Amino acid sequence: MEALRLYVRLVRVSMQARLQYRVDFVMGIFSVIALNAISLGMISIIVYRFVSLNGWNIWDLFFLYCLWLLGHSIYSLLFWHFWDLQEYVTQGTFDQFLLRPASIFIQFIGREVQYIGFADASVAVVGLGLAYINLGLHWGVKEWLFFPLVVLSGAVIETTLVLMTACISFWTGRSDMAIDAIMSFNFLVQNYPIDIFGTWFRVIVTSLIPVAFMNYYPALMLLGKSDPQSHWQWLGYMSPVVAIILIAITSVVWHFALRRYSSAGG
Amino acid sequence: MKIFWSFTRQAFQFVSVYRFNFFAEIFLTLLRMYAIYCVWRILYTQRPGAFSVDMGQMITYGVLGMALEIFVWSRPQMYISQQVKSGAIDTDLMKPLDFHLHMLARSTGETLVGASLAVPALIIAYFLLGVNLPPDIGTGLLFLFSLGLGYLVLFHLNFLLGALSVVALDIRHISWAYYSVVRFFGGQMVPLWLFPSFVGIIAGVLPFQSTYYIPMSIYIGKFTGVEAARAIQFQLFWLVVLVLTSRLAWGWAHRRLVVQGG
């Protein structure tokens, strides 16, 4: 409880620091909305010509993209600075977390916020709303209860994967390339239904880098679609389980990584 | 000219030593190529008639677009913005080379690092994904010429953004939107002939198509003869406009910079 209070406090301070720069704030929000609008525009153009992509029509694809984006927005709002762990470790900035009488982990995750998460979230909500209306969906209580769980799980899945990968820098001093690799798979999963990429790709994004649980599997269930290549409909419900497993693994990795840390300052 | 190349070499060495992980980069490039290959293959099987080119050409276009992702390796606008913020820009201005040319030299070096990765990736893609070679040597040469023009057009757009950073300060976020505009209107993934009419008209007027769409359409043999000549004319026209604008804009930004320095 104490930890949570500290975390909320740290986030508030970081947020105030960010909001000092008003022009930057507005430009950042604008840019991220433009960026997502263009990505969705690209998808629309492809589907406009060809009606559907492997059985996914334009609104199915919007749903897929925006379901991913909504989970991602929580990550990009609160945890974007995990990328910078490499810098903290190699430049010795990490030392300051060790000196203060509070949880290292809480200090690290509360260190910064990135308001672009707000832009991601607003695009995602609008996109999901449009998709819901245009697909004529009528969710029951089960779907409505499950939906926020999927979004939260998506955020957890992305956050833990990035954090684990960032921890590589405790051993090698470099993690940016590995995070790039994870994100490359992640962005493909965001933009396209994974059933077009063949089995090896599906195996990777289901097990090793399980980002397909951020959008693909739950979307099949929420849209009432069936998977052309497997009969494992129950995978659609597995996102929270995957998220919990990843939290467990990540906490182990984090503890090993901390034990490994020796300050760069010497 | 010798000074120009020495700056190019310097940038090449810097990037290749500090920011480069050859095999990982090749792998990620191939992954992106594979993805676009899958997308076009599936769409082609769905509706072969909608493309106006054959499947081999379409896949070649897509894969080539991913290889030309190397154009974003060089970001002179970010360099300028950093130097302005830290004040180190004065050392750049003292160098024995016109600033505009200096940036071009650096940018060329950085892009060549990208090329050292795109070429092997394309060779692998040739064997794995069945990418076409250009129909004949003449087309290949014309492609390289048009690609060079495309690079120069993009460099000058970047440079203009860099000049803007002298007055607008932080361009990091604008940069994100800027690159998606370049990719989209440039036709890096989806060629302009597949655009719906009104978007196609806008894309047809903007300079961005010089970077991806025109060279790549020449490569796959979609643009030939008069059409190719007209496309290259379009690139030359924009290049001249952008070079002139860049000179003017930098002159103006430079004056502002001196005033700010006090």
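**Loop residues, helix packing and the chain interface**

Asn54(A) lies in the loop between E1 and strand E2 (56-57) of chain A. In this predicted model, the phi of Asn54(A) is positive, at about 50°, although the residue is not a glycine. Most residues other than glycine have a negative phi. Asn54(A) has 15 other C-beta atoms within 10 Å and is therefore classed as partly exposed, a residue being exposed at 12 or fewer and buried at 20 or more. Val51(A) also has a positive phi, near 70°, and is likewise not a glycine. This residue is found in the loop that joins helix H2 (22-50) to strand E1 (52-53) of chain A. Val51(A) counts as exposed because it has 12 C-beta neighbours inside 10 Å.

The secondary structure of chain A, to which both loops belong, comprises 13 helices and 2 strands. Its radius of gyration is 19 Å, close to the 18 Å that the globule rule gives for 266 residues, so chain A is as compact as a globular protein of that length. The C-alpha trace of chain A spans about 60 × 40 × 35 Å along its principal axes. Of the 266 residues in chain A, 39% are buried. Among the contacts in chain A with a separation of 6 or more, 78% are between residues 24 or more positions apart.

Helix H2(A), which precedes the loop of Val51(A), packs against helix H7 (residues 116-134) of chain A. The two axes come within 8 Å and cross at roughly 35°. The crossing of H2(A) and H7(A) is right-handed. On the H2(A) side, the contact is made by Gly28(A), Ile29(A), Val32(A), Ile33(A), Asn36(A) and Leu40(A). H7(A) contributes Ile116(A), Phe118(A), Ala119(A), Asp120(A), Val123(A) and Gly127(A). By residue class, the contact of H2(A) with H7(A) consists of 8 nonpolar, 3 polar and 1 charged.

Helix H10 (residues 176-191) of chain A includes Asp176(A). Asp176(A) is partly exposed, as 19 other C-beta atoms lie within 10 Å of its own; the cut-off for a buried residue is 20 or more. Asp176(A) and Trp254(A) are 78 residues apart along the chain, and their C-alpha atoms are separated by 17 Å.

Val189(A) belongs to the largest nonpolar core, which has 148 residues. Together with Cys66(A) and Val63(B), Val189(A) touches the most other members of this core. Beyond its neighbours within four places in sequence, Val189(A) is in contact with Trp68(A), Ile194(A), Val205(A), Val211(A), Ala212(A), Met214(A), Asn215(A) and Tyr216(A). In soluble globular proteins, nonpolar side chains tend to be buried together.

Chain B contains 11 helices and 0 strands, and its pattern along the sequence reads α-α-α-α-α-α-α-α-α-α-α. A compact globule of 262 residues would have a radius of gyration near 18 Å, and the 19 Å of chain B agrees with this. The principal axes of the C-alpha trace of chain B give a span of about 65 × 40 × 35 Å. Buried residues account for 44% of the 262 in chain B. Of the contacts in chain B with a separation of 6 or more, 82% link residues 24 or more positions apart.

One such pairing across the sequence of chain B involves Arg256(B), in helix H11 (residues 225-261). Arg256(B) and Val166(B) are 90 residues apart in sequence, with their C-alpha atoms 7.8 Å apart. Residues up to four places away in sequence aside, Arg256(B) touches Val166(B) and Val167(B). Arg256(B) counts as exposed because 12 C-beta neighbours lie inside 10 Å.

The two chains meet through 25 residues of chain B in contact with 25 residues of chain A. Helix H2 (22-46) and helix H8 (172-186) of chain B each supply at least two residues to the side of chain B that touches chain A. H2(B) gives the most to this side, with 9 residues. The side of chain B that touches chain A is made up of 19 nonpolar, 4 polar and 2 charged residues.

Definitions and conventions
Residues are numbered from 1 along each chain as its sequence is written. Chains are lettered from A and ligands numbered from 1 in the order in which they are written. This is a predicted model: local features need pLDDT of at least 70, side-chain atom pairs count only at pLDDT 80 or more; totals for chains, interfaces and linings use all residues. Two residues are in contact if their C-beta atoms, placed from the backbone, lie within 7 Å. Helices (H or I, at least four residues) and strands (E, at least two) are DSSP runs, numbered from the N terminus. Ala, Val, Leu, Ile, Met, Phe, Trp, Tyr, Cys and Pro count as nonpolar, Asp, Glu, Lys and Arg as charged, and the others, Gly among them, as polar. The radius of gyration is taken over C-alpha atoms; the globule rule is 2.2 Å times the number of residues to the power 0.38. A nonpolar core is a set of buried Ala, Val, Leu, Ile, Met, Phe, Trp, Tyr and Cys residues joined through C-beta atoms within 7 Å. Axes are lines fitted to C-alpha atoms, for helices over the stretch in contact, and angles run from 0 to 180 degrees between N-to-C directions. A crossing is left-handed if the near helix is turned anticlockwise from the far one by less than a right angle, and right-handed if clockwise.
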